[in-house]
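Welcome! Please take a moment to look over the sequence and the 3D view, and then read on for a short guided tour.

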Amino acid sequence: MDNIVYLIFRRMRRPLITLLMVYSVTILGLVLIPGEDAAGNTHYMSFFHAFYFVSYTSTTIGFGEIPFEFTDAQRLWVTFAMYAGVIAWLYAIGTILTLVQDQTFQRALTESKLARHIRHQRDPFYIVCGYGETGSALVRGLTDAGQHVVVIEIDEFRSNMIQLDNLRLYVPSLHGDAQKPVHLQDAGLQSPYCQAVVAVTNDNEANLKIAITSKLLHPHIRVICRADSHDVEKNMASFGTDYIIDPFDTFATYLAISFQLPCLYLLQAWLFSGDEAELEEPIYPPRDRHWVVCGYGRFGKAVYHRLRQEGLDVVVIEAEPDNTGIPPEGVVQGRGTEADTLIEAGIERACGLIAGTDNDANNLSIVVTARELNDDLFFVVRQNHSDNSAIIEAVKADIVMHPSKIIADKIRVLLNAPLLYQFISLAYYQDNDWACELVARISAVLGDRAPVIEQVCINDDRSRAVSRVLARGENVKLGCVLLDSWDRQTRLNCIVLLMERHNERKLLPSEDTELKKGDHLLICGESSAFTRLFWNLQHDNILDYVRTGRVTQQGWLWRKLAGKKPR
Amino acid sequence: MNPEKVVFGFFIVLSLTLNFGFFIGDIDDPDHHHVYELFAVLVVNLIATILKFGDRSQLGAVLLATSLAAMLQLVAAALVWTVAVHVTGTGLTPAVTASIVSLSGGAMLANVISVILLIIETVMLRR
């Protein structure tokens, strides 16, 4: 706000002084020039009358000649005064109008509005740097879940587009280069309410710089970065970036999971994708014959290495092998969109095809061509732009890999429930039957509703009643707090996926587990179950009921009547 | 030499000197305090105030504040004069003159502070 006031004052100096000079000269002239009263005596105008007269003539109001009719000498001076006054006013008003339309002024206005909003922000918020494909998907996911976000975007057009995107919450968007510390500070990096910084610009260097700045200026903040190259990842890790996400490695890992544990892949896709999630049928990627990978860029390489680790034979098709490098088995040169390249790669004998070029049209063309040659193929398609969702869906690939969405989902999970991430890593070491059973259990609990994932901490703040009981030296079993407080014979529709206690993590803890202070629980369930669960954790009476089945008397009178001593 | 500083200093000092000129004399004698002088003080003070607009330094802010205080006093003095002569018709009685002059005296104090601040700024400027 200060900026704007100063800006206006600075620009207004000259017009104001002009106006003042015109006023004082004309007033002085009117006072000095002798006039005549009705009787013909000499009369000098007072300053008050002169000021009044000049005020209404120079603003073109014009009430007539006061206090007496003017002499010709006075009229001569007044003629000059009128023109000078009107011009001075036009100049002043014109300057103000120019100022209002000025780009600098407009920007100062937006910036001050934004700064005020961020200063008055009293809820936790995240800073998202970069509002491209990933950024917009992430921001939508976060705001849909009711979380506040501040966006920094280098492109003015996209930064303005945010307000048109129909997000559930107001998202302040700062137009600027997030690499510059001042923009991060403007976005509220040093605010105690800032929870995390997410760097998802398309520039590795920029993400790196954002991570450094954030870690230096606000050391306790969580920083999540996108990185496409292993060099940058190492650099980011070296100064404590909390999570580094490589879209291609991430997808390659997902693909590996889908090979080894199809049910876990299913579960992960279901839990990660948020509100619109639907449980799909498990997919079983074939592994009996060789796979064809089109495109040997960053995506292709990551997938290639994973497939090789799975012990599969892979044939790579690449249009420019000189730029991308050549895998040890050699490469089939071509784009993969024409039938002869695909035939050369042995598409008729293959069991799966991965269309992984960075061009959506080519990927579609590859799938369509390959399907004509071999109908039984398992298709994995890389989607580069979210605008193309409709056509990509139309080719009915078995797996669609959309890097932006993958990162956005993953970051959302990391921000909301970091334990879910730990859960998947631990579940990776279980076998497929275990995962299938878990999927069956969760879907039995949820029915066809979308899963809600919450992370609950046993502490004084979020679970007051439990803390109080624990402080008295009594114990609380995990199974108790999962009972319905309306009727403790029924259980809430939720499942505890993971319990973390002093860096020790336990998958699917049993109901007999006793809760301790500082425990973190990862719970998956339907949304109404959480309302009841939080009552159980927070409210003394309700906790007593679900623990013991008795309804205790809380009021002083009722406790007296029940013959108990007040606690 | 910075011409902006010259103009700035000139108006600040001039507003003090003019103010002093109007203030000096018997406090209740209208003959010692001319209306033209008050007009000049008012105009010069206004110019000085506008010149201080938009200065973002701490000293600039204090200078603007002193100028605004002086302006308030001078406008009050001019209003008292106008009301006494034109509205109530009391004319410049010793009581009215005394209040006008004492108001301008207050403005002079603010102008003195302005000049002192200007001197401090000059002294602190190391070159």
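The briefing below goes through the interface, a pocket, a cavity, the salt bridges and two backbone features.

Please keep in mind that this is a predicted model. Chain A and chain B meet in a contact that takes 18 residues from chain A and 15 residues from chain B. The second largest pocket draws its lining from helices of both chains, and a search of the whole structure also turns up 2 cavities of 30 Å³ or more.

**Where chain A meets chain B**

- About 1,800 Å² is buried between chain A and chain B, and carbon and sulfur atoms give 75% of that area.
- On the side of chain A that touches chain B, the elements giving two or more residues are α1 (2–32) and α2 (47–58) of chain A.
- Of these, α1(A) provides the largest share, with 14 residues.
- Sorted by class, this side of chain A has 12 nonpolar, 4 polar and 2 charged residues.
- The rule finds 3 residue pairs in polar contact across the interface, both residues being at pLDDT 80 or more.
- For salt bridges between chain A and chain B, the count is 0.

**The second largest pocket**

- This pocket has a volume of about 900 Å³.
- Its lining is made of 31 residues, and those nearest the centre are F47(A), F51(A), F39(B), L42(B) and A78(B).
- Four helices each supply at least two lining residues: α1 and α2 of chain A, together with α2 (35–52) and α3 (58–87) of chain B.
- The helix that gives the most to this lining is α2(B), with 9 residues.
- By class, the lining holds 26 nonpolar and 5 polar residues, with no charged residues.
- If you are comparing the views, α1 and α2 of chain A appear both in this lining and on the side of chain A that touches chain B.

**The largest cavity**

- The largest cavity has a volume of about 60 Å³.
- Its lining consists of G35(A), E36(A), H43(A), M45(A), I66(A), P67(A), F68(A), E69(A), F70(A) and Q74(A).
- These lining residues divide into 5 nonpolar, 3 polar and 2 charged.

**Backbone features in one loop of chain A**

- Two of the cavity-lining residues, I66(A) and P67(A), are joined by a cis peptide bond, with omega near -10°.
- P67(A) sits in the loop between α2 and α3 (72–101) of chain A.
- T60(A) is also placed in the loop between α2 and α3 of chain A.
- Phi of T60(A) is near 65°, which is a positive value in a residue other than glycine.

**Salt bridges**

- How many salt bridges does the rule count over all chains? The count comes to 22, while between chain A and chain B it is 0.
- One of the salt bridges pairs D409(A) with K405(A), whose closest N and O atoms are 2.9 Å apart.
- Both D409(A) and K405(A) belong to helix α17 (residues 403–416) of chain A, where they are 4 residues apart, about one turn of the helix.

Technical notes
Residues numbered from 1 in each chain as written. Chains lettered and ligands numbered in written order. Predicted model: local features only at pLDDT ≥ 70, side-chain atom pairs only at ≥ 80, totals over all residues. Heavy atoms only, no water. Contact = heavy atoms within 4.5 Å. Buried area = accessible area lost by both parts, 1.4 Å probe. Salt bridge = Lys/Arg side-chain N within 4 Å of Asp/Glu carboxyl O. Polar contact = N/O pair within 3.5 Å; in protein donor to acceptor, adjacent residues only side chain to side chain. Nonpolar A, V, L, I, M, F, W, Y, C, P; charged D, E, K, R; others polar. 1 Å grid on protein atoms, 1.4 Å probe; cavity = no way out; pocket = protein on both sides within 12 Å on 5 of 7 lines; lining within 4 Å. Points joined across faces, edges and corners; volume = space filled by probe spheres on them.
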